Amino acid sequence: MTDNDGATAAKVDVLFILAHPDDESFGFGGLMAWAQSQHLRVGLVCATRGEAGEISHPSLGTPATLGAVRERELRCAMGIVGVDPVRLLPYRDSGMQGTPGNDDPRSLARADREAVLADLVSQIRDLQPHAVITFGPDGVYGHPDHVRIGEIATEAVMVAASSADPFLGGPWQTSRLYHMAVAREDLIEMSQRETGPFANTPPDVIATMGIPRSEITHVFDVSEFIDTKLRVLASHATQLPYQPEDGGVGDPAMRPRLGRESLKRIPLPWPEDRETADVLDAFNTLPDPA
Ligand SMILES: [Zn+2]
């Protein structure tokens with residue numbers, strides 16, 4: 001484990017527990033920028049260094065250096081939005097379903113479940129987040145690392161609150177748990193365009209991706225923070241589907257979609273602390289379903 005904050009225990013308002021460098025930026029670069037504007041403390045635990053991904057341009061890295069390059073890109077991106085600490089776990093990117101990375105003994109897919117759970121319980125107890133944000137069972141588009149880290153992080157929130165495994169730290173009850181939520185309707189619409197992500201994904205696969213829009217509990221309008229989000233995204237140069245040029249990133253047509261980020265609140269089996277639990281509610285554009 002590496003760490004931006006040394007050995008000192010920190011407390012954070014929001015803790016993201018995700019799988020790869022860039023998961024946080026595409027999903028939540030705007031929310032992170034908003035949180036920074038509100039002086040909220042945001043931390044990130046990232047399970048891998050994204051070693052199995054494609055490299056957008058050969059000048060940026062090789063398969064052997066990619067993990068180190070992506071860790072650097074991630075730390076640079078998180079520096080822009082003040083996310084601290086950024087902690088990387090020692091697992092390897094498993095790659096997309098059915099690729100050789102799935103069989104690598106160092107991969108998150110092959111890692112011992114109890115070891116990953118212990119890692120996450122100790123992180124939650126150490127960082128004492130009010131809210132944890134991770135992947136849901138859909139993994140947005142079914143990436144095995146997204147599904148696995150989300151499933152184990154969701155359990156880790158429960159275990160961290162119990163008196164189990166005291167050697168991993170004292171019990172900590174997280175007030176809110178959220179899963180990253182991308183509306184299936186939006187993914188279907190994206191897949192129907194001739195270019196862009198999911199253009200070649202079969203309709204029966206698309207039909208299982210994301211979650212129905214009706215299940216989304218929190219939608220954040222981050223359009224005010226879009227320039228910061230684009231800078232955060234640009235830090236992940238090895239991941240972008242185009243070469244960076246003129247300091248710019250991406251297609252202007254993406255901007256309206258990048259301006260919305262969303263979550264699904266997952267009920268927890270304990271009463272919430274009303275005083276500290278509503279930091280994200282203040283930015284939610286959906287009516288409170290409660
Ligand atoms: Zn990912």
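1. Buried, in this note, means a relative accessible area under 20%. By that cut-off the residues of helix α2 that count as buried are Leu66, Gly67, Arg70, Glu71, Glu73, Leu74, Arg75, Ala77, Met78 and Ile80, and the elements that cover them include α1, β2, β3 (86-88) and α8 (226-234). The model is a predicted one, and the points below should be read with that in mind.

2. On confidence, the protein chain has a mean pLDDT of 88, with 89% of its residues reaching 70 or more. Two stretches call for caution: over residues 1-7 pLDDT stays under 50, although the model has 21 contacts beyond four places in sequence for them, and over residues 242-248 pLDDT likewise stays under 50, with 4 such contacts in the model. Where pLDDT is low, the predicted coordinates should not be read in detail.

3. The geometry of α2 can be checked against its length. At 1.5 Å a residue, the 15 residues of α2 should span 21 Å, and the C-alpha atoms at its ends are 21 Å apart, so the expected and modelled values agree. Just after α2, Gly82 takes a positive phi of about 70°.

4. The zinc site deserves a separate look. The zinc ion is coordinated by His20 through ND1, by Asp23 through OD and by His146 through NE2, at 2.0 to 2.1 Å, and in sequence these donor residues follow the spacing H-x2-D-x122-H. Asp23 and His146 link distant parts of the chain, Asp23 lying in helix α1 (residues 23-37) and His146 in helix α5 (residues 144-161), 123 residues apart. Asp23 has a relative accessible area of 7% and is therefore buried, and His146, with a relative accessible area of 2%, is buried as well.

5. The structure holds 13 salt bridges, of which three are taken up here and in the next two points. In one of them, the side chains of Glu71 and Arg49 meet with N and O 2.8 Å apart, a pair that links distant parts of the chain, with Glu71 in helix α2 and Arg49 in the loop between β2 and α2, 22 residues apart. Which residues join in a network of salt bridges here? Arg49, Glu71 and Arg75 are linked in this way. Glu71 has a relative accessible area of 15% and Arg49 a relative accessibility of 17%, so both count as buried under the 20% cut-off.

6. Asp281 forms a salt bridge with Arg176, their closest N and O atoms being 2.7 Å apart. This pair also links distant parts of the chain: Asp281 is in the segment after β7 (260-266), Arg176 is in strand β5 (residues 176-180), and they are 105 residues apart. Is each partner buried or partly exposed? Asp281, with a relative accessible area of 23%, is partly exposed, whereas Arg176, with a relative accessible area of 2%, is buried.

7. The side chains of Lys264 and Glu215 meet in a salt bridge at 2.8 Å, N to O, and again the pair links distant parts of the chain, with Lys264 in strand β7 and Glu215 in the loop between α7 (203-206) and β6 (218-221), 49 residues apart. Here Lys264 is partly exposed, with a relative accessible area of 24%, and Glu215 is partly exposed, with a relative accessible area of 32%.

8. In helix α6 (residues 184-191), the buried residues are Asp186, Leu187, Met190 and Ser191. Seen down the axis of α6, these buried residues fall within an arc of 135°, so they line one face of the helix.

9. A last point concerns Ala52, which is placed in the loop between β2 (42-46) and α2 (66-80). At 35% relative accessibility, Ala52 counts as partly exposed. Leaving aside residues up to four places away in sequence, Ala52 touches Asp93, Ser94 and Gly95. Ala52 and Pro100 are 48 residues apart in sequence, while their C-alpha atoms are 9.4 Å apart in space.

Terms used. Residues are numbered from 1 along each chain as its sequence is written. This is a predicted model: local features need pLDDT of at least 70, side-chain atom pairs count only at pLDDT 80 or more; totals for chains, interfaces and linings use all residues. Side-chain values use heavy atoms; hydrogens and water are left out. Donors are N, O and S atoms within 2.8 Å of the metal (3.2 Å for Na, K and Ca); water is not among the atoms, so sites may look incomplete. Helices (H or I, at least four residues) and strands (E, at least two) are DSSP runs, numbered from the N terminus. Buried means under 20% relative accessible area, exposed over 50%, partly exposed in between (1.4 Å probe, protein chains only). Contact means heavy atoms within 4.5 Å. pLDDT is the predictor's confidence in each residue, from 0 to 100. A salt bridge is a side-chain nitrogen of Lys or Arg within 4 Å of a carboxyl oxygen of Asp or Glu. The expected span of a helix is 1.5 Å times one less than its number of residues. The arc is that of the directions from the helix axis to the C-beta atoms.
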